[in-house]
Amino acid sequence: MSHSKYSPSKDRYTDSVGYRYCGKSGLQLPTISLGLWHNFGDVDDAEEAEKMLKYAFDQGITHFDLANNYGTPFGSAEKNFGKMMKDLFSSHRDEMIISTKAGHNMWDGPYGDGGSRKYLIASLNQSLKRMKLDYVDIFYSHRYDPETPVEETMGALSDMVKQGKALYVGISKYPIEKAREAYRILKENGTPCLINQDRYSIFTREVENEVIPLAKENGVGFIAFSPLAQGLLSDKYMNGIPENSRAAHSYGFLQKSQITAEKVEKIKALNKMAAQRGQSLAQMALAWLLRSNDVNSVIVGTSSVIQLQNNIDALKNISFTDDELWRIGELGV
Ligand SMILES: NC(=O)c1ccc[n+]([C@@H]2O[C@H](COP(=O)([O-])OP(=O)(O)OC[C@H]3O[C@@H](n4cnc5c(N)ncnc54)[C@H](OP(=O)(O)O)[C@@H]3O)[C@@H](O)[C@H]2O)c1
């Protein structure tokens with residue numbers, strides 16, 4: 001596909017989504033980041049993907065979240081993003097925070113999965129090639145690997161920073177005691193952990209107990225993934241499973257079995273509450289996460305510009321009454 005010419009909006013930083021400092025670091029992240037897990041692979045609509053990236057950047061969304069295995073087939077999201085970086089955004093590289101990760105299964109054999117130094121360093125080199133970049137801004141260990149000492153995984157991350165291939169490093173989905181160990185080791189190595197990325201939404205609140213408080217105590221930022229529970233926290237599944245939705249796709253990660261009658265009842269009640277606030281359910285779900293500054297950013301994964309636009313409008317009202325918070329607490333469990 002040949003890319004149309006693009007000059008970003010001149011107002012992108014004055015009329016923008018706004019920024020929050022990531023933990024105790026000097027790095028600011030946009031309140032809303034764009035994730036490329038779904039919707040940017042070879043099976044997806046390339047034209048819409050390009051429109052979403054441009055629209056995001058025009059709204060001041062400077063952070064794009066990837067991983068080695070994003071897209072169908074694996075690696076295609078990085079490859080497609082790389083093409084757009086080269087053709088559309090190359091003169092704006094210094095305005096962008098691009099993250100990638102390794103930790104889940106990526107290639108055959110013993111070195112394409114887990115947390116070994118061998119896997120992580122080889123994978124980052126591959127990601128840089130696919131994305132046509134000299135460095136990434138954030139590299140994550142995508143998950144804790146019980147077979148690899150945390151020292152080895154963190155040592156690999158620290159070396160990436162020292163080699164200039166990553167500016168910052170982070171962890172994702174680590175059990176709490178392993179996160180504590182990772183923070184300590186990275187600090188000792190002189191490459192402090194920038195950020196912890198974990199699942200957080202009205203429907204999945206486990207991180208409130210220990211993950212977010214520990215990150216805060218260590219000056220580490222927190223960024224929420226799947227803030228809409230992969231689309232469940234929207235009006236889309238209230239009356240069945242629409243064609244073209246994530247749950248309808250054979251290659252999507254949202255399973256039809258997750259959309260139970262009980263869940264739909266909760267979605268309907270939450271949708272009613274959102275309407276009373278003058279918001280869509282997706283907007284209320286994002287606003288609910290961003291009501292606290294402990295959440296530095298939420299990573300949304302939209303399939304259209306319209307969804308992205310709708311999600312950005314969540315920022316118009318991110319305050320909640322005690323009664324609303326109580327009701328969301330009751331419905332979210
Ligand atoms: N670290 C990790 O292990 C990890 C794991 C998962 C995700 N992530 C990151 O987090 C990002 C976001 O995850 P996610 O895609 O699951 O996020 P999500 O925002 O919870 O779900 C995205 C899906 O919700 C639907 N949606 C979004 N906005 C909508 C709106 N305004 N109205 C109606 N539906 C809407 C779309 O579904 P349809 O496609 O059906 O339209 C979209 O594909 C990923 O891209 C990735 O960067 C990281």
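Me: What radius of gyration does the protein chain have, set against a compact globule?
Reply: The model is predicted, so local features need pLDDT of at least 70 and side-chain atom pairs need 80 or more, while totals for chains, interfaces and linings use all residues. Numbering starts from 1 along each chain, as its sequence is written. The radius is taken over C-alpha atoms, and the globule rule is 2.2 Å times the number of residues to the power 0.38. For 333 residues that rule gives a value near 20 Å, which agrees with the chain's 19 Å.

Me: What percentage of the residues in the protein chain is buried?
Reply: Buried means that 20 or more other C-beta atoms, placed from the backbone, lie within 10 Å of the residue's own; exposed means 12 or fewer, and partly exposed is in between. Of the 333 residues, the buried share is 47%.

Me: Which helix gives the largest share of the largest nonpolar core?
Reply: A nonpolar core is a set of buried Ala, Val, Leu, Ile, Met, Phe, Trp, Tyr and Cys residues joined through C-beta atoms within 7 Å. The largest one has 94 residues, and Ile-138, Val-169 and Ala-182 touch the most other members. Its largest share, 9 residues, comes from residues 281-290, helix H8.

Me: Which residues is Ile-138 in contact with, leaving aside neighbours within four places in sequence?
Reply: Contact means C-beta atoms, placed from the backbone, within 7 Å. The partners of Ile-138 include Val-169. The full list is Ile-97, Ser-99, Ala-166, Tyr-168, Val-169, Gly-170, Leu-194 and Ile-195.

Me: Which helix supplies the largest share of the shell around the ligand?
Reply: The ligand is surrounded by 30 residues; the closest are Gly-35, Trp-37, Phe-225, Gly-231 and Gly-301. Helices (H or I, at least four residues) and strands (E, at least two) are DSSP runs, numbered from the N terminus. Strand S10 (297-300) and helix H9 (305-312) each give at least two shell residues. The largest share, 3 residues, belongs to H9.

Me: How many residues of the shell around the ligand are charged?
Reply: Asp, Glu, Lys and Arg count as charged; Ala, Val, Leu, Ile, Met, Phe, Trp, Tyr, Cys and Pro as nonpolar; the others, Gly among them, as polar. The shell has 9 nonpolar and 17 polar residues. The charged ones number 4.

Me: Within what arc do the buried residues of H9 fall?
Reply: Gln-307, Leu-308, Asn-311 and Ile-312 are buried in H9. They line one face of the helix, because the directions from its axis to their C-beta atoms fall within an arc of 135 degrees.

Me: Which elements do the buried residues of H9 pack against?
Reply: Two strands and two helices are listed. They are strand S3 (32-35), helix H1 (46-58), H8 and S10.

Me: Where is Asn-39, and is Asn-39 buried or exposed?
Reply: Asn-39 is not a glycine, yet has a positive phi of about 75 degrees. Its place is the loop between S3 and H1. With 23 C-beta neighbours inside 10 Å, Asn-39 counts as buried.

Me: What is the omega of the peptide bond from Thr-72 to Pro-73?
Reply: Pro-73 sits in the loop between strand S4 (63-65) and helix H2 (76-89). The bond is cis, with omega near -5 degrees.

Terms used
Near = placed C-beta within 6 Å.
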